[in-house]
Amino acid sequence: MLHITTQRLVLKPHTSNSLNWLNTICNDPNEDYYNGDDPPKERPETLEETGKLLERILNRPSDADIIDYAIHKKDTDEMIGYGMIALISRYNKRCSLGIGLGWNRENWGQGIASETLQAVISYCFTELDLNRIEAEIYEFNERSIRLFEKQGFHRDGVRRQYIFKDGVFKDEYIYSLLREEWAKR
Ligand SMILES: CC(C)(COP(=O)(O)OP(=O)(O)OC[C@H]1O[C@@H](n2cnc3c(N)ncnc32)[C@H](O)[C@@H]1OP(=O)(O)O)[C@@H](O)C(=O)NCCC(=O)NCCS
């Protein structure tokens with residue numbers, strides 16, 4: 001079970017208390033824009049629909065190939081973000097990371113995502129004993145590109161015209177960080 005305390009944050013499993021936060025993020029068009037392949041929603045997602053997603057998250061077996069976590073402020077316990085260690089392949093020792101700080105822009109530009117990522121990367125290489133961590137980032141997601149490059153991620157390649165946004169096809173970058181690169185930092 002992932003439970004990490006950093007200087008300003010606690011990263012921990014979701015509980016039923018995550019429902020409203022997750023419902024709001026699911027209905028944030030910005031989140032879809034930067035983080036989603038699906039077409040824009042025709043109507044807001046209901047609490048019941050988000051509840052089904054949360055139910056699946058809460059009932060995942062401990063050896064599932066995805067670990068979801070909530071990002072909370074250490075001092076107030078307020079939930080301010082979410083993340084996941086996805087596509088975990090224990091045989092190939094790799095995974096793919098996702099992260100989002102939500103709609104409250106006061107939480108952006110504070111180093112919160114960097115602090116989270118640093119801790120999660122360490123967890124992946126030490127606790128999960130993985131060898132390669134991947135991230136897939138749309139070409140226009142400058143904040144995310146900066147975030148992962150600052151942590152030492154290498155741009156492996158480009159999925160050309162991979163997603164359809166704003167009426168045109170856009171590229172997606174594949175980034176990775178290897179255990180040996182992380183160990184040298
Ligand atoms: C991607 C995302 C998580 C990045 O958040 P962020 O706040 O930009 O990232 P960081 O936590 O690394 O913050 C970096 C900024 O904090 C500043 N900062 C302030 N205090 C800091 C500290 N103590 N430590 C590090 N940076 C700090 C940095 O200078 C940097 O400023 P800049 O934005 O002017 O360059 C956020 O934009 C987001 O939620 N986006 C929507 C979802 C999304 O795109 N997810 C990724 C999909 S691949």
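A residue counts as part of the shell around the ligand if its C-beta atom, placed from the backbone, lies within 6 Å of the ligand. With that cut-off, helix H5 gives the most to the shell, with four residues.

I should say at the outset that this is a predicted model.

Let me stay with the ligand for a moment. How many residues surround the ligand? The number is 20. The closest of them are Tyr 34, Leu 101, Gly 111, Ala 113 and Ser 114.

Next, the elements behind that shell. Besides H5, which covers 142-150, at least two residues each come from helix H2 (29-35), strand S5 (94-100), helix H4 (112-126) and strand S6 (132-138). By class, nine of the shell residues are nonpolar, eight are polar and three are charged.

Now the protein chain as a whole. The chain has six helices and eight strands. Read from the N terminus, the order is β-β-α-α-α-β-β-β-α-β-α-β-β-α. The radius of gyration is 16 Å, and the globule rule gives a close value of 16 Å for 185 residues, so the chain is as compact as a globular protein of that length. The C-alpha trace spans about 45 × 40 × 35 Å along its principal axes.

Two last figures on packing and contacts. Of the 185 residues in the chain, 23% are buried. Taking contacts between residues at least 6 apart in sequence, 58% join residues at least 24 apart.

To return to the ligand: 20 residues surround it, and helix H5 is the element that gives the most to that shell.

How values were computed
Residues numbered from 1 in each chain as written. Predicted model: local features only at pLDDT ≥ 70, side-chain atom pairs only at ≥ 80, totals over all residues. Nonpolar A, V, L, I, M, F, W, Y, C, P; charged D, E, K, R; others polar. Rg over C-alpha atoms; globule rule 2.2 N^0.38 Å. Buried ≥ 20, exposed ≤ 12 C-beta atoms within 10 Å, placed from the backbone. Contact = placed C-beta atoms within 7 Å.
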